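Student: I would like to go through the labels used for this model and see what each one rests on. Where should we start?

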Amino acid sequence: MFHTNYDHKSVLLEEAIQALNINSTGVYIDGTFGLGGHSKLILSKLTKQGRLLAIDRDWTSIKIGKIIADRDSRFTIIHSTFSKINKHINNMGLIGSVNGILLDLGVSAFQLNDDSRGFSFMRDGPLDMRMDISSGQSAAEWLSKASLENIIWVLKTFGEERFAKIIAKVIVSTRRYKPIVRSIILSKLICDIVPYRSMHKHPATKSFLAIRMYINNELEEIIQVLEDSLAMLSPLGRLVVISFNSLEDRLVKNFIRDHSCIISMPPKIPLTDYQIFNKYKSKHKLKDMGKLMPSKQEIKRNTCARSAILRCAEKLFI
Ligand SMILES: C[S@@+](CC[C@H](N)C(=O)[O-])C[C@H]1O[C@@H](n2cnc3c(N)ncnc32)[C@H](O)[C@@H]1O
């Protein structure tokens, strides 16, 4: 048995499963298995005919998922990124038949609290930051050779960091005599030059987030899976996404808006309602089901939930 020795609390657990509006014989995808909190609740709602495909790019999640898959034939787990779910669903012959897709974005507290991963500015460990340690470059490798301009761009684009220029300059001058290979080296270096803006926000928060998002190609991953979701979902199938920062949430919000806007035609246009519907139906594939945030009680129980936003959309029956 694989033990994590970790008190895992899935964010917006009940709310996400409710938003999926589970059909007990349906086909579901959990694109971010993590420690399986959401997956386990989905499985508990499915009958023998139901199926759940889970994906994660982290090998720890795959080990945990395989334990469930070994004893539950309704469940499959694949080591992959969610931008490739479409390919797996296609191989399974399930394009257009998926009743719900859940994405609980970002890293899990389990990954953040593992010193050996380098995700946290509060812990000392090798500065890796890859969710999948078997592919791509680590944060330390990237920082050892990235140009000043590239570092500034990453900090600004993915962290919206006001002090991007000065942080990048210090990284480039420091690495000449001291390799930045541990999380605490990078964290201290930023603390020395960036003032504490608020008691609750460590000065390295934005830089660590930016580097992690860049190293894991996080925004591209989201853009791809959202696009693919339209083909994967069945009519009335649900897309449920939990985001943890404004960049992620903006992508999800805009995607849902762009595919579900109400068509407003100028008055006196010489088309019947039926003709208008047929003309525009191929463009509008989703119904916006709204958003929700964690309750005060959930945030009190689990501070990781404080920035979470859940958005839900339903594929139209056309
Ligand atoms: C917030 S956790 C999910 C927690 C999970 N819902 C639970 O209840 O245990 C996010 C997970 O998604 C995975 N992940 C993030 N981006 C991914 C991607 N592009 N493809 C596949 N997995 C990804 C991470 O490795 C992490 O395990």
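Tutor: Start with D56, which is found in strand 2, residues 51-56. Keep in mind that this is a predicted model.

Student: Why is D56 called buried?

Tutor: Its relative accessible area is 10%. Buried means under 20%, so D56 meets the definition.

Student: Which residues is D56 in contact with, leaving aside neighbours within four places in sequence?

Tutor: They are T32, F33, G34, S61, I62, I78, H79 and S80.

Student: What makes the pair of D56 and F33 a polar contact?

Tutor: A polar atom of the D56 side chain lies 3.3 Å from the backbone nitrogen of F33. The cut-off is 3.5 Å, and therefore the pair falls within the limit.

Student: How do you know that D56 also has a polar contact with the ligand?

Tutor: An N or O atom in the D56 side chain is 2.7 Å from an oxygen atom of the ligand. That distance is within 3.5 Å. UniProt, in an unreviewed entry, places the feature "binding site" at positions including D56 and Q111.

Student: Why is Q111 called buried?

Tutor: Q111, found in helix 5 (residues 109-112), has a relative accessible area of 7%. The limit is under 20%, so the term applies to Q111.

Student: What does the side chain of Q111 reach?

Tutor: The backbone nitrogen of S108, at 2.8 Å. Set against the 3.5 Å cut-off, this is a polar contact. Not counting residues up to four places away in sequence, Q111 touches D58, R117, F119 and M131.

Note on methods
Residues are numbered from 1 along each chain as its sequence is written. This is a predicted model: local features need pLDDT of at least 70, side-chain atom pairs count only at pLDDT 80 or more; totals for chains, interfaces and linings use all residues. Side-chain values use heavy atoms; hydrogens and water are left out. A polar contact is a pair of N or O atoms within 3.5 Å; within protein, one must be able to donate a hydrogen and the other to accept it, and residues adjacent in sequence count only if both atoms are side-chain atoms. UniProt positions are given in the numbering used here, feature names are shortened, and annotations may be inferred rather than shown by experiment. Helices (H or I, at least four residues) and strands (E, at least two) are DSSP runs, numbered from the N terminus. Buried means under 20% relative accessible area, exposed over 50%, partly exposed in between (1.4 Å probe, protein chains only). Contact means heavy atoms within 4.5 Å.
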